[in-house]
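Hello,

Here is the structure we discussed handing over. Please have it open while you read the notes below it.

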Amino acid sequence: MSASAEEEDALVLSTDPLHPANLISELCASFYRLGWVTGTGGGICIRTHDKVYIAPSGVQKERIEPLHIFVLPYPQAEPSPHTDRIFLRRPKLNLKESGCTPLFWNAFTIRNAGSCIHTHSQNAVMATLLWEKEKMFRISHQMIKGVRIGGHGPTLSYLDTLEVPIIDNTPNEEDLKDSMKEAMEKYPKAAGILVLRHGIYVWGDDWQKAKTQTECLDYLLEIGVKMKLAGLPTVLNE
């Protein structure tokens, strides 16, 4: 192995369990058990200062290893049709970076996020179908206290109403970038973006906050779907 290859691998090999490459492997396995990233779908990224760590695309998410992780410098110029993103490290295996990468970048540049999670949760998909006409999932419930305004601000209170925009799906993941950006700018208080018949993107200041908010949002989506199907109002005093 060349010195350069050793230096690249050093970016993802660490005995520290909190190293981003180790965390991504652990979290993907956890998300798989929750049914969020089955069938190789979904993804996660973690940004630490000047580096972004991203899981690969099209792999068994519960079996991801640190050596499978892509590392990119941050910030960097937006790629054009004639240029590619800059990578500090690509895995030796024939892997492709997550198709979510342009959407993760939205979370970095628009919300200054430290982590972004994408799930294919059935709760998220069902919510997009039941609130398709409104293009907005809305709920008032105790668990919204675990969600932050804009994904990075103060937490919501019990008396607040959580709103999560719903955007239309596209055949290719990366083509969601512009509509996601538009929704994030139009709804600056939103802590996530739902994608019709697809899933949800959630971000946070760091991986812990992104994970917590994803868990709370998934709970709220699940209970919201159940309330809607039972004919119960999901928003207080409506």
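The notes that follow cover helix H3, its aromatic residues and the charges placed over rings. Please keep in mind that this is a predicted model.

Start with Thr101, which lies in helix H3, a helix that spans residues 101-111. Thr101 counts as buried because its relative accessible area is 3%, and the cut-off for buried is under 20%. A polar atom of the Thr101 side chain is 2.6 Å from the backbone oxygen of Ser98. Leaving aside residues up to four places away in sequence, Thr101 touches Ile54 and Arg85.

Arg85 comes up again further along the helix: its charged end sits over the ring of Trp105, 4.6 Å from the ring centre.

On aromatic pairs, a search of the whole structure gives seven. One of them joins Trp105 and Phe108 in an edge-to-face arrangement, with 5.3 Å centre to centre and 70 degrees between the planes. These two residues are three apart in helix H3, so about one helical turn separates them. Both rings belong to buried residues: Trp105 has a relative accessibility of 2%, and Phe108 has 1%. Together with Tyr74, Trp105 and Phe108 form one aromatic cluster.

There is also a charge over a ring at Trp131: Lys228 lies over the face of Trp131, 4.7 Å from the ring centre.

Regards

Note on methods:
Residues are numbered from 1 along each chain as its sequence is written. This is a predicted model: local features need pLDDT of at least 70, side-chain atom pairs count only at pLDDT 80 or more; totals for chains, interfaces and linings use all residues. Side-chain values use heavy atoms; hydrogens and water are left out. Helices (H or I, at least four residues) and strands (E, at least two) are DSSP runs, numbered from the N terminus. Buried means under 20% relative accessible area, exposed over 50%, partly exposed in between (1.4 Å probe, protein chains only). A polar contact is a pair of N or O atoms within 3.5 Å; within protein, one must be able to donate a hydrogen and the other to accept it, and residues adjacent in sequence count only if both atoms are side-chain atoms. Contact means heavy atoms within 4.5 Å. Rings of Phe, Tyr and Trp (its six-membered ring) pair if their centres lie within 6.5 Å; planes under 30 degrees apart count as stacked, over 60 as edge-to-face and the rest as tilted. A charge sits over a ring if NZ of Lys or CZ of Arg is within 6 Å of the ring centre and within 35 degrees of the ring normal.
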